[in-house]
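Got your viewer open? Let's take a walk through this one, one selection at a time.

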Amino acid sequence: MLFEYVLRLGDSPLVLAQQLGGLIAQAPTMEEDVALANVSLDLLGQARALLSFAGELEGRGRDENDLAYFRESHAFHNLLLVEQPNGDFAQTQLRQFLYDAFAIELWTQLQRSSDATLAAVAGKAVKETAYHVRRSADWVIRLGDGTEESARRLHAALANLWMFTGELFLTDAVDDAMAEQGVAPLASRLEPAWRTRVESVFTDARLDVPETAWPQRGGKLGRHTEHLGHLLAEMQVLPRTHPGARW
Amino acid sequence: MSATVREVWSVLDQVPDPEIPVVSVVDLGIVRDVSVHDAAVEVTITPTYTGCPATAPIRSDIEAALRLRFGPVNVRVSLAPAWTTDWITPRGKQRLAAYGIAPPNPTGNRPKQCPQCGSNETELLSEFGSTPCKALYRCRACREPFDYFKCL
């Protein structure tokens with residue numbers, strides 16, 4: 001069960017890192033290009049540490065690369081939010097903010113995990129995420145409180161993404177077991193702090209927090225939107241075409 | 001060849017960081033522990049950021065430098081306690097500044113001064129600079145952009 005939980009933890013940063021990596025050389029400004037690439041790198045580092053650990057827990061000889069490149073989409077356990085397309089810059093930054101605001105609470109709590117490896121990864125990730133959320137929050141405010149055009153785009157992004165935020169806080173038997181063993185916080189307990197941060201940033205961004213719609217769910221269980229398959233096809237094509245390829 | 005712990009540290013102090021070669025891996029506080037055993041020299045390092053691409057080259061640079069002098073080497077990578085910029089030595093901070101990178105400044109987490117002209121009139125251009133560990137600033141006095149090594 002810990003294996004399952006660690007995969008869930010690792011798959012979201014992996015997928016989000018791949019998304020941001022796809023923006024390299026395409027961001028609206030040079031500084032933003034560099035920033036997105038660096039956030040992607042931090043996320044990839046977190047994913048690597050977690051997938052390596054998952055491989056050890058599983059004990060079947062799979063390493064981080066096997067888990068990243070040789071699983072099908074139904075075996076990925078990432079949140080649906082992070083697999084939503086980059087869209088325009090507003091959607092990229094809003095998706096980032098909604099995830100960062102969740103990740104900062106998650107890593108903060110996981111530092112007290114009864115599992116030493118998870119606590120160690122969280123101890124590093126929480127510091128990195130503090131920078132990520134500061135920057136993504138700043139962009140949400142700038143876009144929402146910017147021009148008519150930027151506000152219009154941010155509103156559209158919110159309409160696209162909000163339905164995927166409910167899943168962040170849904171729990172199942174795996175979450176319950178992890179919470180009981182002191183391995184991880186119960187995701188539902190992270191919601192109040194997330195909401196407080198989101199509401200405060202949205203106020204500055206002149207965005208209304210939408211009514212909570214029926215949450216889209218399934219990512220943690222391997223039921224994904226159609227976007228994940230396309231993303232994985234691109235991410236996995238090289239190692240699958242040339243198994244064992246090395247630099 | 002047998003070694004003393006002190007000799008190992010002094011060789012490590014000659015191993016440059018691959019991305020900022022004016023500072024050594026010791027200056028950066030990446031080396032956390034050194035021990036000498038009959039069979040091998042053991043070194044524990046910690047990555048700066050989890051995704052820092054320099055971790056792998058740093059590891060192999062350390063192995064190469066020590067093997068040359070002392071024979072078998074074990075390099076362990078440890079994540080906890082998490083690396084902090086507080087571990088950068090005073091000499092490391094001086095070297096960063098001389099190289100044009102404003103060293104981490106825990107007071108307010110912004111550069112104390114422009115590493116080019118020394119002015120304290122600086123402004124943030126981007127939270128991320130050429131690597132995740134740096135932010136991009138500009139000096140309002142000399143108008144030059146520069147990297148700031150962020151507190152972590």
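Among contacts in chain B between residues at least 6 apart in sequence, what percentage join residues at least 24 apart? For chain B that comes to 52%. Keep in mind as you go that you are looking at a predicted model.

**Stop one: chain B as a whole.** Select chain B and colour by secondary structure. You should find three helices and seven strands. Walk along from the N terminus and the order reads α-β-β-α-β-α-β-β-β-β. Line the view up with the principal axes, and the C-alpha atoms fill a box of roughly 55 × 25 × 25 Å. Chain B has 152 residues, and 37% of them count as buried.

**Stop two: a cysteine in a loop.** Now pick Cys133(B). You'll land in the loop that links strand 5 (122-126) to strand 6 (134-139) of chain B. Buried or exposed, this Cys133(B)? Buried, because 26 other C-beta atoms lie within 10 Å of Cys133(B), and 20 are enough to count as buried. Show the neighbours next: leaving aside residues up to four places away in sequence, Cys133(B) touches Thr48(B) and Tyr49(B), along with Phe149(B), Lys150(B) and Leu152(B). While you're here, draw a distance from Cys133(B) to Arg59(B): the C-alpha atoms are 18 Å apart, with the two positions 74 residues apart in sequence numbering.

**Stop three: where the chains meet.** Bring chain A into view. On the chain B side, 18 residues are in contact with 21 residues of chain A. Colour that side of chain B by residue type and you get eleven nonpolar residues, six polar ones and one charged.

**Stop four: a helix in chain A.** Select residues 148-161 of chain A, which make up helix 7. This helix has 14 residues and reaches 20 Å from first C-alpha to last, close to the 20 Å expected at 1.5 Å a residue. Show side chains for the buried set: Arg153(A), Leu154(A), Ala157(A), Leu158(A) and Leu161(A). Why do they sit on the same side of helix 7 of chain A? Because they cover an arc of only 140° around the axis. Look down the helix to see it.

What do those buried residues of helix 7 pack against? Add helix 4 (80-83), helix 5 (89-110) and helix 6 (116-144) of chain A to the selection, and there are the partners. Then spin to the other side of helix 7 of chain A, where Glu148(A), Glu149(A), Arg152(A) and Ala159(A) are exposed.

Notes. Residues are numbered from 1 along each chain as its sequence is written. Chains are lettered from A and ligands numbered from 1 in the order in which they are written. This is a predicted model: local features need pLDDT of at least 70, side-chain atom pairs count only at pLDDT 80 or more; totals for chains, interfaces and linings use all residues. Helices (H or I, at least four residues) and strands (E, at least two) are DSSP runs, numbered from the N terminus. A residue is buried if 20 or more other C-beta atoms lie within 10 Å of its own, exposed if 12 or fewer, and partly exposed in between; C-beta atoms are placed from the backbone. Two residues are in contact if their C-beta atoms, placed from the backbone, lie within 7 Å. Ala, Val, Leu, Ile, Met, Phe, Trp, Tyr, Cys and Pro count as nonpolar, Asp, Glu, Lys and Arg as charged, and the others, Gly among them, as polar. The expected span of a helix is 1.5 Å times one less than its number of residues. The arc is that of the directions from the helix axis to the C-beta atoms.
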